[in-house]
Amino acid sequence: MIYDLQRASMLKRVSAWLLDTILLCIVATMMAWMLSLALNYDSYQQQFDARYTHYETVYGVSRNVTQAEVDAMSPEQLANLQAASDAFAADPEAIYAWNMMIYMIITMVSISILLSYLLLEFFVPLIFSNGQTVGKKVFGIGVMRQSGIRVNGVCMFIRTVLGKFAIETMIPVMMLMMLFFGAIGLPGLLIGGGIILVQFLLLISTKEHSLIHDKLANTVTVDLASQMIFDTEEYLIAYKQKIAAEKAAQQSY
């Protein structure tokens, strides 16, 4: 560990995270929109809606009803509603369109978030150097290895793709999507909640207030106004030797 670690304050870290999160959401939304055009998502949505409307017309019911409206229906209306639901659920075109929509949503969300992380949390920090995202640049903080050495591409890839994207973001996001589509229940919530709990415990229990991505990449967020960062281990060793020599010279007097 470097002699005088100048950790970034929690206020600066949270402020930078909020700004970066806003930018990530904007970029991810734009990426998802472009992917939806490339994958022709709207055609499957229209096919699904067309089959939906067809059975509403045939059976003279609307499937978008509240529970109170269902409770007020006559036995004949309830029978028609059930018949429309059964026919729709057995329609191969509707099933195909629904499955394609789910696959595309998962694909678009995954790829758009990944591309956003690669752009804003991997390439930008390498361009700015010192592991700075846009948010970190604004608030004067950066990222270095625990040893005091400047982060490199491998370190940032582990931190961004494996830590931030795969574990901290995509696992909870996938659990939420599977829960929304009815593909998973309580286990999904427990997995997503477990990751959030681990993040919180790491934040309050570690000396550097690290998160999962920092632990994986062995990095720490520092205040660049006062923190020295060395390009290589050789520079760090030379600096330590210089400090030791200066202390020895002072003690000799």
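What percentage of contacts in the protein between residues at least 6 apart in sequence join residues at least 24 apart? The figure is 73%. Keep in mind throughout that this is a predicted model.

**Figure 1. The whole chain, with its helices and strands.** This predicted model holds ten helices and two strands. The order along the sequence is α-α-α-α-α-α-β-α-α-α-β-α. With a radius of gyration of 27 Å, well over the 18 Å that the globule rule gives for 253 residues, the protein is more spread out than a compact globule. The C-alpha trace spans about 105 × 35 × 25 Å along its principal axes. Of the 253 residues, 38% are buried.

**Figure 2. The surface and the charges.** About 14,500 Å² of the protein is exposed, and 67% of that comes from carbon and sulfur atoms. On the charge side, we have 16 positive and 20 negative side chains. The centres of those two sets sit 19 Å apart.

**Figure 3. Two strands side by side.** Here's the strand pair: strand 1 (residues 141–145) and strand 2 (residues 219–223) run antiparallel, joined over five bridges. Two of the partnerships are worth picking out. Met144 has Val220 of strand 2 as its bridge partner, and Val143 stands opposite Thr221, also in strand 2. As for cover, strand 1 is mostly tucked away, with four of its five residues buried.

**Figure 4. Strand 2, one face and then the other.** Side chains in a regular strand alternate between the two faces of the sheet. In strand 2, Thr219, Thr221 and Asp223 point one way, while Val220 and Val222 point the other way. Every one of these residues is buried. Since five of the five residues of strand 2 are buried, the strand is largely enclosed by the rest of the structure.

**Figure 5. Asn218, just ahead of strand 2.** Zoom in on the loop between helix 9 (212–217) and strand 2, and there's Asn218. Most residues other than glycine have a negative phi. Asn218 has a positive one, near 60°. The residue is partly exposed, with a relative accessible area of 44%.

**Figure 6. Asn40, between two helices.** What is the phi of Asn40 near? The value is near 60°, which is positive in a residue other than glycine. Asn40 sits in the loop between helix 1 (10–39) and helix 2 (41–59). At 44% relative accessibility, Asn40 counts as partly exposed.

**Figure 7. Ala16 and the residues around it.** Ala16 belongs to helix 1. Is Ala16 buried or exposed? Ala16 is buried: its relative accessible area is 1%, and the cut-off for buried is under 20%. Setting aside neighbours within four places in sequence, Ala16 touches Gly135, Lys136, Phe139 and Ile141. For a sense of scale, look across to Ala238, which is 222 residues away from Ala16 along the chain. The C-alpha atoms of Ala16 and Ala238 are separated by 33 Å.

**Figure 8. Tyr59 and its contacts.** Tyr59 is part of helix 2. With a relative accessible area of 29%, Tyr59 is partly exposed. Which residues does Tyr59 contact, leaving aside its neighbours within four places in sequence? They are Asn80, Ala83, Ala84 and Ala87. Gln77 makes a handy distance marker for this view: Tyr59 and Gln77 are 18 residues apart in sequence, and their C-alpha atoms are 9.2 Å apart in space.

**Figure 9. Pro75 out on helix 4.** Pro75 is found in helix 4, which covers residues 75–89. Pro75 is exposed, with a relative accessible area of 70%, where over 50% is the cut-off for that label. How many ångströms apart in space are Pro75 and Ile158? Measuring from C-alpha to C-alpha on the model, the gap between Pro75 and Ile158 is 60 Å. In sequence, Pro75 and Ile158 are 83 residues apart.

Key: Residues numbered from 1 in each chain as written. Predicted model: local features only at pLDDT ≥ 70, side-chain atom pairs only at ≥ 80, totals over all residues. Heavy atoms only, no water. Rg over C-alpha atoms; globule rule 2.2 N^0.38 Å. Buried < 20%, exposed > 50% of the residue type's maximum accessible area, 1.4 Å probe, protein only. Contact = heavy atoms within 4.5 Å. Areas by Shrake-Rupley, 256 points an atom, 1.4 Å probe, with all protein chains shown as cover. Lys, Arg positive; Asp, Glu negative; His and termini not counted. Charge placed at Lys NZ, Arg CZ, Asp CG, Glu CD. Pairing = 2+ DSSP bridges.
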